[in-house]
Amino acid sequence: MNAPSSAPSRRPPPAVLDELDRRIINALQGGFPISDEPYREVAGQLGTTEADLLARLQRLLDARVLTRFGPMFQIERLGGRFVLAALAVPEERFDEVAAAVNALPEVAHNYRREHRLNMWFVLATETPDGIAAATARIEAATGLPVFAFPKLREFFVDMRLKA
Amino acid sequence: MTDTLPPDDFERRLIIATQAGLPLAPRPYDVLAEQLGVDAALVKTRLAAMLQGGRIRRIGAVPNHYALGYTANGMSVWDVNDAHIGELGEAIGRLDFVTHCYERPRALPDWPYNLFAMVHGRDRDTVLAHVEEIATLLGAACRARDVLFSTAILKKTGLRIGGDG
């Protein structure tokens with residue numbers, strides 16, 4: 001029901017949002033109620049109807065303004081692991097290596113960045129052991145050493161952005 | 001911090017049922033309950049407990065930052081004196097333009113940086129100005145730094161746990 005977001009290299013242009021869209025995005029980045037009719041509750045607080053809110057959320061998901069709407073699981077609390085990792089990919093091999101890395105389901109995000117270490121991805125696995133296995137598969141598939149940067153300490157994480 | 005525990009069987013089914021999103025229907029928890037073959041009260045109770053225990057960070061919308069006009073995304077990285085990284089990391093994490101801030105291991109000699117602070121902005125100059133604010137805050141404790149701008153999203157799916165192929 002939510003929009004898929006796995007297409008590579010796509011950077012949607014800034015979306016055309018009206019004032020109510022912005023208020024919806026700003027208000028709904030957390031705190032969605034766990035109640036019988038949560039959309040109706042939120043719609044009332046935003047001064048609109050349940051039907052309008054549902055239609056707008058669907059449109060924002062379809063337009064990929066929102067990548068998801070739902071619970072955000074804290075996977076480390078659930079025994080899983082996230083590890084940031086990087087590769088120094090020779091420019092002429094970049095697309096081939098990106099395809100090999102992206103093919104792993106454990107790769108949750110992958111970004112090209114301007115640096116000798118030019119490919120930065122997040123490995124997300126259900127168990128701690130999964131990370132080493134995924135790293136080994138990437139090294140075998142690409143012939144490149146994986147630089148792993150597991151977090152030692154988290155100072156802050158909050159991806160909320162103002163629309 | 002609350003305890004880390006693998007999901008029990010029902011939590012696992014809840015995660016699989018909602019990882020793509022919450023139903024966009026007037027009674028979303030009833031829809032989930034029907035899919036899972038349980039009472040809606042159980043769905044709500046367990047979701048509330050997971051939220052309370054930090055197993056769910058929050059419930060809501062995840063915006064695509066590019067679509068909101070945050071087109072510049074700079075991963076600022078810093079080689080910070082280990083003796084001061086705790087207090088300085090906390091201070092940087094409090095800056096409102098920093099969306100993630102972590103201490104990570106160095107990978108010498110290739111990578112001397114041990115503090116990562118992600119900065120989002122409407123353009124590169126804004127991000128670079130924010131990075132200067134971080135540099136000022138770090139002062140003499142910082143020995144080297146860099147900013148890695150992203151130039152393409154190659155993949156963005158988030159974690160998918162098993163059960164849905």
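**Exercise 1. Strand β5 of chain B and its partners**

In β5(B), Ile153(B) is the bridge partner of Tyr111(A). Starting from that pair, work out which strands β5(B) pairs with, and in which sense.

*Solution.* Keep in mind throughout that this is a predicted model.

- Step 1. Begin across the chain boundary. Strand β3 of chain A, residues 107–113, pairs with β5(B) in the antiparallel sense, over 5 bridges.
- Step 2. Add another pair from β5(B): Lys156(B) has His109(A) standing opposite.
- Step 3. Now look inside chain B. Strand β2 of chain B, residues 72–80, pairs with β5(B) over 7 bridges, again in the antiparallel sense.
- Step 4. For a residue pair in chain B, take Trp78(B), whose bridge partner in β5(B) is Arg145(B).

So much for the strand; let us zoom in on one of its residues.

**Exercise 2. One residue in β5(B)**

Is Thr151(B) buried, exposed or partly exposed, and which residues does Thr151(B) touch?

*Solution.*

- Step 1. Place the residue: Thr151(B) belongs to strand β5 of chain B.
- Step 2. Count its neighbours. Thr151(B) has 13 other C-beta atoms within 10 Å, so this residue is partly exposed. The cut-offs that matter here are 12 or fewer for exposed and 20 or more for buried.
- Step 3. List the contacts. Leaving out residues up to four places away in sequence, Thr151(B) touches Arg112(A), Arg113(A) and Glu114(A).
- Step 4. Compare sequence and space for one more pair. Asp110(B) and Thr151(B) are 41 residues apart in sequence, and their C-alpha atoms are 21 Å apart.

**Exercise 3. The contact between the chains**

How many residues does each chain bring to the contact, and which element of chain B gives the most?

*Solution.*

- Step 1. Count both sides: chain A brings 73 residues and chain B brings 67 residues.
- Step 2. Find the elements of chain B that supply at least two residues each to the side touching chain A. Among them are the helices α1 (9–18), α2 (28–36), α3 (40–52) and α4 (85–93). The strands β1 (56–63), β3 (98–103) and β5 (142–156) belong there too.
- Step 3. Pick out the top contributor: β5(B) gives the most to this side, with 9 residues.
- Step 4. Sort this side of chain B by class, which yields 37 nonpolar, 18 polar and 12 charged residues.

**Exercise 4. The nonpolar cores**

Which residues have the most contacts inside the largest nonpolar core, and which strand gives this core its largest share?

*Solution.*

- Step 1. The largest nonpolar core has 57 residues. Leu66(A), Val101(A), Met119(A), Phe121(A) and Leu123(A) have the most contacts inside this core.
- Step 2. Strand β4 of chain A, residues 119–125, provides the largest share of this core, with 5 residues.
- Step 3. Follow one of the residues named in step 1. Not counting residues up to four places away in sequence, Phe121(A) touches Ala85(A), Val101(A), Val107(A), His109(A) and Asn110(A).
- Step 4. There is also a second, separate core of 24 residues, including Ala72(B), Ile85(B), Cys101(B) and Met118(B).

**Exercise 5. Each chain as a whole**

Describe chain B and then chain A by their elements, burial, contacts and domains.

*Solution.*

- Step 1. Chain B has 5 helices and 5 strands. Read from the N terminus, its elements follow the order α-α-α-β-β-α-β-β-α-β.
- Step 2. Check the overall dimensions of chain B. Its radius of gyration is 20 Å, whereas a compact globule of 165 residues would be near 15 Å. The C-alpha trace of chain B spans about 60 × 35 × 30 Å along its principal axes.
- Step 3. Bring in the domains: chain B is assigned domain 1 (10–52) and domain 2 (72–149). The C-alpha centres of these two domains of chain B are 38 Å apart.
- Step 4. In chain B, 38% of the 165 residues are buried. Of the contacts in chain B with a separation of 6 or more, 59% join residues 24 or more positions apart.
- Step 5. Turn to chain A, which has 5 helices and 6 strands, in the order α-α-α-β-β-α-β-β-α-β-β from the N terminus. Its assignment gives domain 1 (19–62) and domain 2 (81–149), with C-alpha centres 36 Å apart.
- Step 6. In chain A, 33% of the 163 residues count as buried. Residues 24 or more positions apart make up 58% of the chain A contacts with a separation of 6 or more.

Key:
Residues numbered from 1 in each chain as written. Chains lettered and ligands numbered in written order. Predicted model: local features only at pLDDT ≥ 70, side-chain atom pairs only at ≥ 80, totals over all residues. Contact = placed C-beta atoms within 7 Å. Helix = DSSP H or I, 4+ residues; strand = E, 2+ residues; numbered from the N terminus. Nonpolar A, V, L, I, M, F, W, Y, C, P; charged D, E, K, R; others polar. Pairing = 2+ DSSP bridges. Rg over C-alpha atoms; globule rule 2.2 N^0.38 Å. Domains from an automatic or database assignment. Core = buried A, V, L, I, M, F, W, Y, C linked by C-beta atoms within 7 Å.
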